[in-house]
Amino acid sequence: MNIKPLADRVLILPAPAEEKTIGGIIIPDTAKEKPLRGEVVAVGNGTKDEEMILKVGDTVLYGKYAGTELEFEGKKYLIMRQSDVVAVLA
């Protein structure tokens, strides 16, 4: 990975949006729900006030509007503060 988050930020690869159909109707991309979970692919070093708890490979849940979207090598990622992550899935 060529992206290294700084301080207390993490880089997350969102889980793909679920493709739901209602009675055979395919829901368009614009109406699909934004995924609220993903996999941590890179982490910063933390700050002197906040230790980095998350690690690469963690599957996490985050807020609906958390993070900043970015595209790198054809994949879409989210970069956000560790405090925007609400839970780690076991």
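## A first look at an all-strand chain

In E8, Ala87 is the bridge partner of Leu61. That pair is a good doorway into this predicted model, in which local features need pLDDT of at least 70, side-chain atom pairs count only at pLDDT 80 or more, and totals for chains, interfaces and linings use all residues. Residues are numbered from 1 along each chain as its sequence is written, and side-chain values use heavy atoms, with hydrogens and water left out.

**The whole chain**

The protein chain has zero helices and eight strands; helices (H or I, at least four residues) and strands (E, at least two) are DSSP runs, numbered from the N terminus. Of its 90 residues, 29% count as buried, where buried means under 20% relative accessible area, exposed over 50%, and partly exposed in between (1.4 Å probe, protein chains only). Among contacts between residues at least 6 apart in sequence, 66% join residues at least 24 apart; a contact means heavy atoms within 4.5 Å.

**The sheet**

Six strands form an open sheet in the order E6-E7-E1-E4-E5-E8, with antiparallel pairing. Its edge strands, E6 (68–72) and E8 (85–89), each pair on one side only. Two strands pair if DSSP finds at least two bridges between them. In general, strands of a sheet pair through backbone hydrogen bonds, either parallel or antiparallel.

Here are two of the pairings, both involving E5:

| Strand pair | Sense | Bridges |
|---|---|---|
| E5 and E8 | antiparallel | four bridges |
| E4 and E5 | antiparallel | three bridges |

On the E4 side, Gly38 stands opposite Val60 in E5. Which residues of E5 point to one face and are buried? They are Val60 and Tyr62, while Thr59 and Leu61 point to the other face and are not buried. This fits a common pattern: in a regular strand the side chains alternate between the two faces of the sheet.

**Asp58, just before E5**

Asp58 is found in the loop between strand E4 (37–43) and strand E5 (59–62). Is Asp58 buried or exposed? Asp58 counts as buried because its relative accessibility is 10%. Its side chain reaches the backbone nitrogen of Lys55 at 3.0 Å. Leaving aside neighbours within four places in sequence, Asp58 is in contact with Gly38, Glu39, Val40 and Val88. Gly38, one of these contacts, is the residue that stands opposite Val60.

Conventions. A polar contact is a pair of N or O atoms within 3.5 Å; within protein, one must be able to donate a hydrogen and the other to accept it, and residues adjacent in sequence count only if both atoms are side-chain atoms.
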